[in-house]
Amino acid sequence: MSAGEVTLQSFLDDQVQFINDLIAKGVSEMPAPSELNGTPCPSCKKGILQERNGKNGAFRGCSCYPTCTYTENLDGTTSKKAGGTRNTSVKREAIPISSLTEEQKKYGCPICRRAYLLPEGRQWVCSRGDDCNTVCADFNGQPVNYVDPKTGDQYIAGVKKGQ
Ligand SMILES: [Zn+2]
Ligand SMILES: [Zn+2]
């Protein structure tokens, strides 16, 4: 009978308890995940975008509010309060897949999964234009939400969904 073994065992028990406590704490502090509300905040990268209802209708805001005030519209476009809203009267024509270069076929549209996200300013727009009407925010030079056309895996803020 060795006192050393007892100490090691109780040390390990403490570690397990500590980790279990951490997991329980983390789970209780995390907002319930749902397929649309689980997008990580592209601004602070800590919060999760959650659907909220505002004066002008539903929008997504960061769960770290008020520390982080990032918001975006439900279609993924970012709201700009000071008159910088995008002109929705501009029609986006669909671009045929056959006219896209290989470079333009890196990021599949996560909504229709039939077309590709193309860079437009600081955001990404589905090549089907208004037919799909998907606009994604930029995340480190990639769409914040896209499908890898080769594997079919969906990536949100650089993280493979379901991993
Ligand atoms: Zn945030
Ligand atoms: Zn699309």
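This passage describes how strands pair in a predicted model. Local features are reported at pLDDT of at least 70 and side-chain atom pairs count only at pLDDT 80 or more, whereas totals for chains, interfaces and linings use all residues. Residues are numbered from 1 along each chain as its sequence is written, while chains are lettered from A and ligands numbered from 1 in the order in which they are written.

Strands are DSSP runs of E with at least two residues, and helices are runs of H or I with at least four residues; both are numbered from the N terminus. Two strands are taken to pair if DSSP finds at least two bridges between them.

Strand β1 (residues 49-54) and strand β2 (residues 57-62) run antiparallel and are joined by six bridges. Within this pair, leucine 49 stands opposite cysteine 62 in β2. The connection from β1 to β2 is a hairpin through two residues.

A hairpin is also formed by β4 and β5, with two residues between them. Strand β4 covers residues 117-120 and strand β5 covers residues 123-126, and their antiparallel pairing extends over four bridges. Leucine 118 stands opposite valine 125 in β5. In the turn, glycine 121 has a positive phi of about 65°.

Three further strands make up an open sheet in the order β8-β9-β10, with antiparallel pairing. Its edge strands, β8 (145-147) and β10 (159-160), each pair on one side only. Strand β9 (residues 154-156) is joined to β8 by three bridges, and these two strands run antiparallel. Here, valine 147 stands opposite glutamine 154 in β9.
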